[in-house]
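This report describes the surroundings of a bound ligand and several loop residues. Please consult the sequence and the structure shown below while reading.

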Amino acid sequence: MQQKGLLVVLSGPSGAGKGTVCQKLLEHRETVKYSVSATTRKPREGEIEGKNYFFVSESKFLDMIDNDGLIEWDKYCDNYYGTPKSYVESCIQDGLDVVLEITVAGALEIKQKYPECVLIFILPPSYDELKRRIVCRGTECCDVIEKRLEQAYKEMKYASKYDYLVLNDCVDNAVLNIEKILDAERLKPSRNTELLNTFIK
Ligand code: 5GP
């Protein structure tokens with residue numbers, strides 16, 4: 001009697017530290033897998049094809065949409081980003097939790113298609129810290145930084161639509177809180193109907 005895996009969606013503004021939190025979560029739990037997105041954005045220094053993203057051309061991305069290969073997609077700061085369907089669905093069937101790190105629009109689309117998913121919003125400690133992180137990262141030029149900050153203000157307004165908020169003032173605490181969420185979610189009656197049925201005469 002194997003329980004299905006959880007579809008876990010992490011969102012939060014650029015600079016909230018989703019990437020670091022996600023990385024640590026994967027190190028802590030072997031049963032949590034990362035869904036590698038497809039994007040038309042150019043790789044940043046140090047990013048690896050197939051690990052950080054599948055870097056694709058715009059025409060390839062549009063083909064993926066046409067062939068129903070993505071469970072959601074969004075345009076963010078002039079680039080396309082999307083979640084490949086097959087990996088996510090196979091993880092869930094195999095009882096593995098799969099984590100998606102995606103925009104608010106993508107997360108809300110997933111919630112409609114997969115109502116049993118778990119939406120977690122990662123909050124930065126403050127706006128000032130958010131700005132400091134985006135600027136200090138040094139991977140984007142000024143106008144992209146401005147666009148990302150603008151987008152961050154917009155995305156923050158959607159936090160209340162999520163199932164859980166996790167404040168990332170300390171990465172270890174944030175990861176611990178996400179692990180607690182995953183454990184609690186797995187104990188929900190709706191995820192344990194087979195077990196419950198064995199007790200019902
Ligand atoms: P970045 O360019 O910083 O890697 O990502 C920009 C934004 O796109 C981030 O908020 C990231 O979470 C989001 N993103 C990454 N992959 C996907 C995806 O597959 N779908 C959607 N909707 N957003 C994504």
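## Ligand shell

In this predicted model, 16 residues surround the ligand, and those that come nearest are Ser37, Arg41, Tyr53, Glu72 and Tyr81. Sorted by class, the shell around the ligand comprises seven charged, five polar and four nonpolar residues. Two strands contribute to this shell: β5 and β6 each provide at least two of its residues.

The ligand is located in the largest pocket.

## Polar contacts and burial of the ligand

Oxygen atoms of the ligand take part in polar contacts with side chains. For Ser37, a polar side-chain atom is 2.7 Å from an oxygen atom of the ligand; Ser37 is also among the residues that come nearest to the ligand. For Lys18, the distance between an N or O atom of the side chain and an oxygen atom of the ligand is 3.0 Å.

Glu101 contributes through its backbone: a backbone N or O atom of this residue lies 3.1 Å from an oxygen atom of the ligand. The ligand taken alone exposes 510 Å², of which the protein buries 95%.

## Loops on either side of β5

Strand β5 spans residues 70-76 and supplies at least two residues of the ligand shell. The loop between α2 (58-66) and β5 contains Asp68. Although Asp68 is not a glycine, its phi is positive, at about 60 degrees. Is this residue buried, partly exposed or exposed? Asp68 is partly exposed, because its relative accessible area is 48%, and the range for this class runs from 20% to 50%.

The loop between β5 and β6 (79-84) holds Asp78. Its phi, near 75 degrees, is likewise a positive value in a residue other than glycine. Asp78 counts as exposed because its relative accessible area is 55%, and the exposed class begins over 50%.

## The loop before β9

Lys161 is placed in the loop between α6 (142-156) and β9 (164-167). With a relative accessible area of 52%, Lys161 is exposed, since exposed means over 50%.

How far apart are the C-alpha atoms of Lys161 and Gly15? They are separated by 20 Å, and the two residues are 146 residues apart along the chain.

Methods
Residues numbered from 1 in each chain as written. Predicted model: local features only at pLDDT ≥ 70, side-chain atom pairs only at ≥ 80, totals over all residues. Heavy atoms only, no water. Helix = DSSP H or I, 4+ residues; strand = E, 2+ residues; numbered from the N terminus. Buried < 20%, exposed > 50% of the residue type's maximum accessible area, 1.4 Å probe, protein only. Near = heavy atom within 4 Å. Polar contact = N/O pair within 3.5 Å; in protein donor to acceptor, adjacent residues only side chain to side chain. Areas by Shrake-Rupley, 256 points an atom, 1.4 Å probe, with all protein chains shown as cover. 1 Å grid on protein atoms, 1.4 Å probe; cavity = no way out; pocket = protein on both sides within 12 Å on 5 of 7 lines; lining within 4 Å. Sits in = over half its atoms within 2 Å of the grid points. Nonpolar A, V, L, I, M, F, W, Y, C, P; charged D, E, K, R; others polar.
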